[in-house]
Amino acid sequence: MDWVFDEETGVLVIRGQGPMPDYGRFLIDHSPWRFVKVRFVRIEEGITYIGANAFYQCNALEEITIPHGVTELGNNA
């Protein structure tokens, strides 16, 4: 899995094959985009699971696009 963030638009694109990892709430194991101003998330086809706490503290988040292939959400996703 990899991701790209556009600071200008606030769009985070997550792509890859299979499940996203689970993330924690602490600095040691948080999502890599936790401290950027994510407004929109586009998860591309190929991702099958959205990891726990994936968008924890993404307070500016307005919209998430989830493909049909996602079959499970982790806790607090």
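**Strand topology, salt bridges and buried loop contacts**

Read from the N terminus to the C terminus, the elements of the protein follow the pattern β-β-β-β-β-β-β. The structure is a predicted model. Its secondary structure comprises seven strands and zero helices.

The overall dimensions were examined next. For 77 residues, a compact globule would be expected to have a radius of gyration near 11 Å, and the value for the protein, 11 Å, agrees with this. Along the principal axes, the C-alpha atoms fill a box of roughly 25 × 25 × 20 Å. Of the 77 residues, 36% are buried. Among contacts with a sequence separation of 6 or more, 47% are accounted for by residues 24 or more positions apart. The exposed surface amounts to about 4800 Å², of which carbon and sulfur atoms supply 50%.

With respect to charge, the protein carries 6 positive and 11 negative charges, and the mean positions of these two sets are 6 Å apart. Side chains of opposite charge can pair when their charged atoms come close. A search of the whole structure returns three salt bridges.

One of these salt bridges joins Arg15 and Asp2, with a distance of 3.2 Å between the closest N and O atoms. Arg15 belongs to strand E2 (residues 11-15) and Asp2 to strand E1 (residues 2-6), so that the pair links distant parts of the chain, 13 residues apart. Both partners are classed as partly exposed, because the relative accessibility is 32% for Arg15 and 35% for Asp2.

A further salt bridge is formed by the side chains of Glu62 and Arg39, at 3.0 Å from N to O. Glu62 lies in the loop between strand E5 (47-50) and strand E6 (63-65), whereas Arg39 lies in the loop between strand E3 (18-19) and strand E4 (40-43); the pair therefore ties together parts that are 23 residues apart in sequence. With a relative accessible area of 51%, Glu62 is exposed, the cut-off for this class being over 50%. Arg39, at 30%, is partly exposed.

Arg42 and Glu44 also form a salt bridge, in which the closest N and O atoms are 3.3 Å apart. Arg42 counts as partly exposed at 39% relative accessibility, and Glu44 counts as partly exposed at 26%.

Two loop residues, Ser31 and Ala54, were considered for their burial and contacts. Ser31 is located in the loop between E3 and E4. Its relative accessibility is 2%, and Ser31 therefore counts as buried. When residues up to four places away in sequence are not counted, Ser31 touches Tyr23 and Ala54.

Ala54 is located in the loop between E5 and E6. The relative accessible area of Ala54 is 0%, which places this residue in the buried class. Apart from neighbours within four places in sequence, Ala54 is in contact with Met20, Tyr23, Ser31, Trp33 and Ala77. Tyr23 thus appears among the contacts of Ser31 and among those of Ala54. The C-alpha atoms of Ala54 and Pro21 are 8.3 Å apart in space, while the two residues are 33 residues apart in sequence.

Methods: Residues numbered from 1 in each chain as written. Predicted model: local features only at pLDDT ≥ 70, side-chain atom pairs only at ≥ 80, totals over all residues. Heavy atoms only, no water. Helix = DSSP H or I, 4+ residues; strand = E, 2+ residues; numbered from the N terminus. Rg over C-alpha atoms; globule rule 2.2 N^0.38 Å. Buried < 20%, exposed > 50% of the residue type's maximum accessible area, 1.4 Å probe, protein only. Contact = heavy atoms within 4.5 Å. Areas by Shrake-Rupley, 256 points an atom, 1.4 Å probe, with all protein chains shown as cover. Lys, Arg positive; Asp, Glu negative; His and termini not counted. Charge placed at Lys NZ, Arg CZ, Asp CG, Glu CD. Salt bridge = Lys/Arg side-chain N within 4 Å of Asp/Glu carboxyl O.
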